[in-house]
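Visitor: I would like to learn how to read a model like this one, feature by feature. Could you take me through it?

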Amino acid sequence: MTSLSIAAWPARSRTLFPGVLACAVVAAASTFLSQHYGAPVMLFALILGMAMNFLSAEGACKPGIEFTARQVLRWGVALLGLRITAAQVVALGWHPVVLVLISVVVTIGVSMLVAKLMGFNTLFGLLSGGATAICGASAALALAAALPSHPQKEKATLFTVVGVSALSTFAMIAYPMIARAVGLGDHGSGVFLGATIHDVAQVVGAGYSMSKETGDIATVVKLMRVAMLLPVIVFAVMCARASGMQTGGARPPLLPWFAVAFAVMVAVNSTGWLPSALTELGSDFSRWFLVAAIAGIGMKTQLRDLATVGLKPVALMLGETVFLAILALALLRW
């Protein structure tokens, strides 16, 4: 870094501060509401962000909002790696690993195919299918960060986050009842919940509502799905590069820096060298960064834009969720 760029940081910070502060305030308010009313924090951040979308117009807050929605998002994705260790994956044995691999790959593949048949860009199928198959809103934001910019990208990202948050809340309530109805024990219920519910918080809530063993297993299986984020990001970038070649657009790098940082965090966390207090702090920072980023995306979006998406995207995401649940149950029986 040159001395000139270092000298420019104070001025840059003053430019970004109002917008970053606005996103941080929305993130804090969303966290408070989520803790007191039990709804997904990402959903609150979106709603409050959209209510304050006037801040993203020309004015003092615009640069900071853009920075938070783009750069802070990448920091949050990178720090997600502190939630996972290799030992957690190994401890469960091969069957849950195979189940997660098959369910993630098949769900994303089917989502891309169905999206194309429904007249959408296949990258929207990748975005919504990845959010469903991996880790909900966090995966949607990570995949959106890896994909190239286009006029409909923010609308698609916002709709995916809203849809996956709502479906995850429904799944948290319904899936424990389904697990009991089909006769799954504590271990099987944990694998089913961890392999199907979208967001980590909802997996934890659903798992521990059944038993401690179910909650522990569900959490680890869910983190295995989070670990699939890295290869799926690489796949998304490869798709974007291929699309860029076809359209003559600029090709994004094959492996974004935040994907590399995610892998490094997983590797370092797996060594056991990091104290638990540090990993918990990093995980908290990741959550705050992602909530602030989705608040920034909400501020950049007009509510009327979401009203124009129609029923087909809703049907696609609902179908992805149902497909993943049926596939996971079938693999458990197998």
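Visitor: How many of the residues of helix 7 are buried?

Guide: Burial is judged by relative accessible area, with buried meaning under 20%. In this structure, which is a predicted model, 11 of the 11 residues of helix 7 (residues 136-146) are buried, so helix 7 is largely enclosed by the rest of the structure. Among them are Gly136, Ser138, Leu141, Leu143 and several alanines, including Ala139, Ala140 and Ala146.

Visitor: Which residues outside its own stretch of sequence is Ala131 in contact with?

Guide: Contact here means heavy atoms within 4.5 Å. Ala131 has its place in helix 6 (residues 122-133), and, at 0% relative accessibility, counts as buried. Once neighbours within four places in sequence are set aside, the contacts of Ala131 are Gly136, Ala139, Ala140, Leu143, Thr160, Val164 and His198. Of these, His198 is 67 residues away from Ala131 in sequence, while the two C-alpha atoms are 7.2 Å apart in space.

Visitor: Thr160 appears in that list; is Thr160 buried or exposed, and what does it touch?

Guide: Thr160 belongs to helix 8 and counts as buried, at 0% relative accessibility. Not counting residues up to four places away in sequence, Thr160 touches Phe124, Leu127, Ser128, Ala131, Ala140 and Met317. Ala140, in turn, is one of the buried residues of helix 7.

Visitor: What fold elements does the protein chain have, and how much of the contact pattern comes from residues 24 or more positions apart?

Guide: The chain comes to 16 helices and zero strands. Among its contacts with a separation of 6 or more, 79% are between residues 24 or more positions apart. Of the 334 residues, 49% are buried, and the accessible surface comes to about 15,000 Å², with 71% of that area belonging to carbon and sulfur atoms.

Visitor: What should the span of helix 3 be, and what is the distance between its end C-alpha atoms?

Guide: A rise of 1.5 Å a residue gives an expected span of 26 Å for the 18 residues of helix 3 (residues 62-79), and the end C-alpha atoms are 25 Å apart, which agrees. That comparison concerns the ends, and the course between them is a separate matter: helix 3 bends by about 35° at Thr68. Thr68 is itself one of the buried residues of helix 3, which also include Phe67, Val72, Leu73, Arg74 and Leu79.

Visitor: How many aromatic pairs does a search of the whole structure find, and how should I read one?

Guide: A pair of aromatic rings is described by the distance of the centres and the angle of the planes. The search of the whole structure finds five aromatic pairs. In one of them, the rings of Tyr175 and Phe192 have centres 5.4 Å apart and planes at 40°, so the pair is tilted. Because Tyr175 lies in helix 8 (residues 153-181) and Phe192 in helix 9 (residues 186-196), the pair ties together parts that are 17 residues apart in sequence. Both partners are buried, Tyr175 at 5% relative accessibility and Phe192 with a relative accessible area of 0%.

Guide: The rings of Phe285 and Phe289 have their centres 5.8 Å apart and their planes at 40°, so this pair is tilted. Phe285 and Phe289 are four residues apart in helix 14 (residues 276-299), and are therefore separated by about one helical turn. At 41% relative accessibility Phe285 counts as partly exposed. Phe285 and Phe289 also form one aromatic cluster with Phe67 and Trp75.

Visitor: Which backbone oxygen does the side chain of Thr31 reach?

Guide: A polar contact is read from the distance between a pair of N or O atoms, here within 3.5 Å. The side chain of Thr31 reaches the backbone oxygen of Ala27 at 2.9 Å. Thr31 is found in helix 1 (residues 3-37) and, at 6% relative accessibility, counts as buried. Leaving aside neighbours within four places in sequence, Thr31 is in contact with Val41, Arg287 and Trp288.

Visitor: How far apart are Ile233 and Leu126, in sequence and in space?

Guide: Ile233, in helix 12 (residues 229-247), counts as buried at 2% relative accessibility. Ile233 and Leu126 are 107 residues apart in sequence, and their C-alpha atoms are 10.0 Å apart in space.

How values were computed. Residues are numbered from 1 along each chain as its sequence is written. This is a predicted model: local features need pLDDT of at least 70, side-chain atom pairs count only at pLDDT 80 or more; totals for chains, interfaces and linings use all residues. Side-chain values use heavy atoms; hydrogens and water are left out. Helices (H or I, at least four residues) and strands (E, at least two) are DSSP runs, numbered from the N terminus. The expected span of a helix is 1.5 Å times one less than its number of residues. The bend at a residue is the angle between axes fitted to the seven residues ending there and the seven starting there. Buried means under 20% relative accessible area, exposed over 50%, partly exposed in between (1.4 Å probe, protein chains only). Accessible areas come from the Shrake-Rupley method with a 1.4 Å probe; for residues, only the protein chains shown count as cover. A polar contact is a pair of N or O atoms within 3.5 Å; within protein, one must be able to donate a hydrogen and the other to accept it, and residues adjacent in sequence count only if both atoms are side-chain atoms. Rings of Phe, Tyr and Trp (its six-membered ring) pair if their centres lie within 6.5 Å; planes under 30 degrees apart count as stacked, over 60 as edge-to-face and the rest as tilted.
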